[in-house]
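Reader: I have a model open on my screen and would like to understand the terms used for it. Could you take me through them?

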Amino acid sequence: MNSRRDFLQKITASAIAFSVFPRYGLAENPELYDGPVLRVAIMGLGSYGSRVAEAMQFCKKAKLVGLISGTPSKVKDWQQKYNIPEKNCYNYENFDKIKDNPDIDAVYVITPNALHRPQVIRVAQAGKHAICEKPMAVNAKEAQEMIDACKKANVKLLVGYRMHFEPHTLEVIRMRKAGELGKILFFQGLCGFKIGDPTQWRLNKQLAGGGSLMDIGIYALNGARYMVGEDPIWVTAEETKTDHVKFKEGVDETIQFQLGFPSGAVASCLSTYNMNNLDKFFLNGEKGFAELQPSTGYGPIKGRTNKGELNQPVVVHQTLQMEEMSAIILEGKQPVVPVNGEEALKDLKVMDAIYEAAKTGKRIPLVL
Ligand code: NAD
């Protein structure tokens, strides 16, 4: 009650919290930290890679030490900004040499979706732990190959599911597990944004592996699983497309999907590249409800339940994620919601089934 951590747990998601936490995530004073540090190279210095690098400056358990990029000018800028030595910089042709670099423990792959599989496999073969962005792969078959490669190389494979560490999200999961919401009956997940530039890789099936579902709908699907606390046993889906030029064959604009769970709970989700202001989770049980809105954006996440407003601390998702991933890799910590390759494989099995359901109009049974 009177420890610093207890105090921090109690304060509301205020500007004070926001100004305290970005510096250190949820860590104690980093100057006093002398535990293990995960030394990370980022592969893909694009927009999300930049966000992760910024956030990692405030980690105590993880440190950005290396870069992998195809653009020398970016490497130069990042080297200066983050004080990265030349010997820790690679390109997409030569990064297998990272094998001989004892100063790098893990590679965080933050490139277009379809590149994840070959890149993670090369990282594993170089003997480094792999952290991979979502979606881990573009289908379940590829995801399984990545898991197998990492197992064979005896390295860990984690996926950038940052919401699995987010305090409001974890509070709803705690309430559900404690029975405070009663038997869970229904989940709704609404995830989308209006996508811009038609030439970007997200609208290229070859690089994206699909459309909105791969990119943003995955949050609703993954959220349905961690909010309900079960894996679905069937899926139905419908796809709608208003712009056949921008959203070509295999690139979904909008998909609505429904999931059925073993307990009888159901989920109804919307994934779209054609609407803004769509970032909401709603979980309904026999004794109560929980609502998060925004639910998966960079935050601040806001939420309420039948008991009132949620006021967990506001955190920088990527700082907290990297702190926790360091603890998972180096200290064997078990997260509340898994972030490993098997967790991502489940999402990809469901996504494969959603695409099949949308195509055939049939209810697809699932065994995860
Ligand atoms: P981006 O386009 O901004 O960056 C992609 C990077 O990959 C660029 O630096 C680009 O140069 C590099 N790249 C390497 N080979 C490429 C190729 N053949 N074609 C195009 N680019 C190539 O994309 P982003 O928004 O940073 O997304 C990267 C990954 O991160 C995606 O898998 C995406 O789903 C994921 N992501 C996750 C979150 C999250 O919140 N977890 C948020 C955004 C993106």
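Author: Happily; we will go from the ligand site to some backbone details, and please keep in mind that this is a predicted model.

Reader: What makes S47 a residue that counts as near the ligand?

Author: The cut-off is a heavy atom within 4 Å of the molecule. The shell around the ligand holds 22 residues, and S47, N113, K134, R162 and W201 come nearest. S47 therefore counts as near the ligand.

Reader: Why is the pair formed by the ligand and K134 called a polar contact?

Author: A polar contact needs a pair of N or O atoms within 3.5 Å. An oxygen atom of the ligand is 2.8 Å from a polar backbone atom of K134, so that pair qualifies by the definition. Y48 also offers a polar backbone atom, 2.9 Å from a ligand oxygen. For G46, the distance from a polar backbone atom to an oxygen of the ligand is 3.1 Å. The protein buries 79% of the 830 Å² that the ligand exposes when taken alone.

Reader: Which pocket does the ligand take up?

Author: The ligand's space is the largest pocket. The elements giving two or more residues to its shell are α3 (47-56), α5 (113-125) and α9 (212-228). Of the elements, α5 gives the most, with 3 residues.

Reader: How do you know where the ligand lies relative to domain 1 and domain 2?

Author: Look at who supplies the shell. Domain 1 (4-162) and domain 2 (164-313 + 341-365) both give residues to it, so the ligand lies between them.

Reader: How do the shell residues divide into nonpolar, polar and charged?

Author: There are 10 nonpolar, 6 polar and 6 charged residues. Glycine is put with the polar ones in this scheme.

Reader: What is the omega of the peptide bond that joins K134 and P135?

Author: Omega is about -15° there, and the bond is cis. Most peptide bonds are trans. P135 sits in the loop between β5 (129-132) and α6 (140-152). Another cis peptide bond joins Q293 and P294, with omega about 0°. P294 belongs to the loop between β12 (289-292) and β13 (303-305).

Reader: And what is phi of N83, and where is N83 found?

Author: Phi of N83 is near 60°, a positive value in a residue other than glycine. Most residues other than glycine have a negative phi. N83 is found in the loop between α4 (72-82) and β3 (89-90).

Technical notes. Residues are numbered from 1 along each chain as its sequence is written. This is a predicted model: local features need pLDDT of at least 70, side-chain atom pairs count only at pLDDT 80 or more; totals for chains, interfaces and linings use all residues. Side-chain values use heavy atoms; hydrogens and water are left out. A polar contact is a pair of N or O atoms within 3.5 Å; within protein, one must be able to donate a hydrogen and the other to accept it, and residues adjacent in sequence count only if both atoms are side-chain atoms. Accessible areas come from the Shrake-Rupley method with a 1.4 Å probe; for residues, only the protein chains shown count as cover. On a 1 Å grid over the protein atoms alone, a cavity is a set of points where a 1.4 Å probe fits but cannot get out, and a pocket is an open set with protein on both sides within 12 Å along at least five of seven lines; lining residues have an atom within 4 Å of a point. A molecule sits in a cavity or pocket if more than half of its atoms lie within 2 Å of its grid points. Helices (H or I, at least four residues) and strands (E, at least two) are DSSP runs, numbered from the N terminus. Domain bounds come from an automatic or database domain assignment.
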